[in-house]
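Welcome! Let us take a walk through this structure together, one group of residues at a time.

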Amino acid sequence: MLGTEKGLSAAMNARIIGSGNEAIVLAHGYGADQSFWEKITPCLTLSYRVLVFDWNFSGAVKDSNLYDSDKYSSFDAFSDDLIALLDEFRLQGSVFMGHSIAGMIGCIASVKRPELFKRLILIGASPRYLNDDNYAGGFESSEIEQMLSNIESNFMEWTSYFASLIANAKNPLAVDKYEKSLRTMRPGVALSVAKTVFGTDQRDILDKITIPCTIIQPTNDAAVPNSVAEYMQKKMIKGETTIEKIDMDGHFPHLSAHIQFLKVLGSVLGFYPDMELS
């Protein structure tokens, strides 16, 4: 097991586990932390060096000064943090696996510094969550406005509702884990990041991506319709992009359907996951 603690990596709880010639970077999404990868890391660490970390908005990050609402009002600053982490660990040509908003953060970073990435694996990612002309993002503006109002007025009640909606109410363990993780966030940070996430429009970055990409899409994801994955594939014209669908409900295939997820991942990366470790 390898590890390092210095600079930004220490503040973001970054560490490398496992061994191998290649590295995989695991980046969690909104309201989560690095523990959301725990069902798949035992398999990955057999063949790869795995970099895990917590974004500065996560409740797992103890330094409350690390997140600044003005600086992180767009995904651009998050992509700079990702690049800084990869540079600090001296990682190049890595496989990047980003869940939800982290997927688009990785896409932006890959355009800025393509040599850092070998492949992008985007899990339930979306360049825009709002519906638009000829684009179905999944949410109407009124729904987003109501959600932001609920975060501000009754944060704890909202976390229960949002966790049940996003993590899949049929999987109480996943819902409970996500709800508890959401509640570790400072309400002001949760609101600020939500405004950034649901107000963003990253569609113009898609045709600039040159790194081969695999989009892993749950078939019934309340946060991201299947049409978004198909839209992304059509727009990512400079690199080879494929879609792998997992038949499941919810936004967390690595948590709620990790066996299927590992099988898909193994076929994409060319390894055979040891299911006894899953």
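## Starting from the inside

F252 is buried, with a relative accessible area of 1%. Here buried means under 20% relative accessible area, exposed means over 50%, and partly exposed is in between, using a 1.4 Å probe and protein chains only. Before going on, please keep in mind that this is a predicted model, in which local features need pLDDT of at least 70 and side-chain atom pairs count only at pLDDT 80 or more, while totals for chains, interfaces and linings use all residues. Residues are numbered from 1 along each chain as its sequence is written, and side-chain values use heavy atoms, with hydrogens and water left out.

Which residue forms an aromatic pair with F252? The partner is F36, and the pair is tilted, at 5.6 Å centre to centre with 40° between the planes. Rings of Phe, Tyr and Trp (for Trp, the six-membered ring) pair if their centres lie within 6.5 Å; planes under 30 degrees apart count as stacked, over 60 as edge-to-face and the rest as tilted. F36 belongs to the loop between β2 and α2 (41-44), and F252 to the loop between β7 (241-249) and α10 (253-256), so their pairing ties together parts that are 216 residues apart in sequence. Helices (H or I, at least four residues) and strands (E, at least two) are DSSP runs, numbered from the N terminus. Like its partner, F36 has a low value to look up: F36 is buried, at 2% relative accessible area. F36 also has a charged companion, as the charged end of K177 sits over the ring of F36, 4.8 Å from its centre. For this, NZ of Lys or CZ of Arg must be within 6 Å of the ring centre and within 35 degrees of the ring normal.

By the ring rule, the count comes to 18 aromatic pairs. Another of them joins W55 and F78 edge-to-face, with 5.9 Å centre to centre and 80° between the planes. W55 lies in the loop between β3 (48-52) and α3 (75-88), whereas F78 is in helix α3, so this pair ties together parts that are 23 residues apart in sequence. W55 is buried, with a relative accessible area of 0%, and F78 is buried too, at 1%.

W55 also leads us to the nonpolar cores. Such a core is a set of buried Ala, Val, Leu, Ile, Met, Phe, Trp, Tyr and Cys residues joined through side-chain atoms within 4.5 Å. The largest one has 79 residues, and those with the most contacts inside it are Y30, W55, L82 and Y178. Take L82: leaving aside neighbours within four places in sequence, L82 is in contact (heavy atoms within 4.5 Å) with V25, F53, W55, F96, I105, G106, A109 and F117. A second, separate core of 24 residues includes Y48, I121, L262 and L269.

Now for the charged side chains. How many salt bridges does a search of the whole structure find? The search finds 15, each being a side-chain nitrogen of Lys or Arg within 4 Å of a carboxyl oxygen of Asp or Glu. One of them joins E22 and K118, at 2.5 Å from N to O. This pair links distant parts of the chain, with E22 in strand β2 (residues 22-27) and K118 in strand β5 (residues 117-123), 96 residues apart. E22 is partly exposed at 29% relative accessibility, and K118 is partly exposed at 45%.

R203 and D132 meet in a salt bridge of 2.9 Å, N to O. R203 sits in the loop between α8 (187-199) and β6 (213-220) and D132 in the loop between β5 and α5 (141-153), so the pair ties together parts that are 71 residues apart in sequence. R203 is buried at 18%, whereas D132 is partly exposed at 34%. R203 also lies over the face of Y135, at 4.8 Å from the ring centre.

Q202 shares a setting with R203: Q202 lies in the loop between α8 and β6. Q202 is buried, with a relative accessible area of 12%. Leaving aside neighbours within four places in sequence, Q202 is in contact with F75, M104, I108 and P127.
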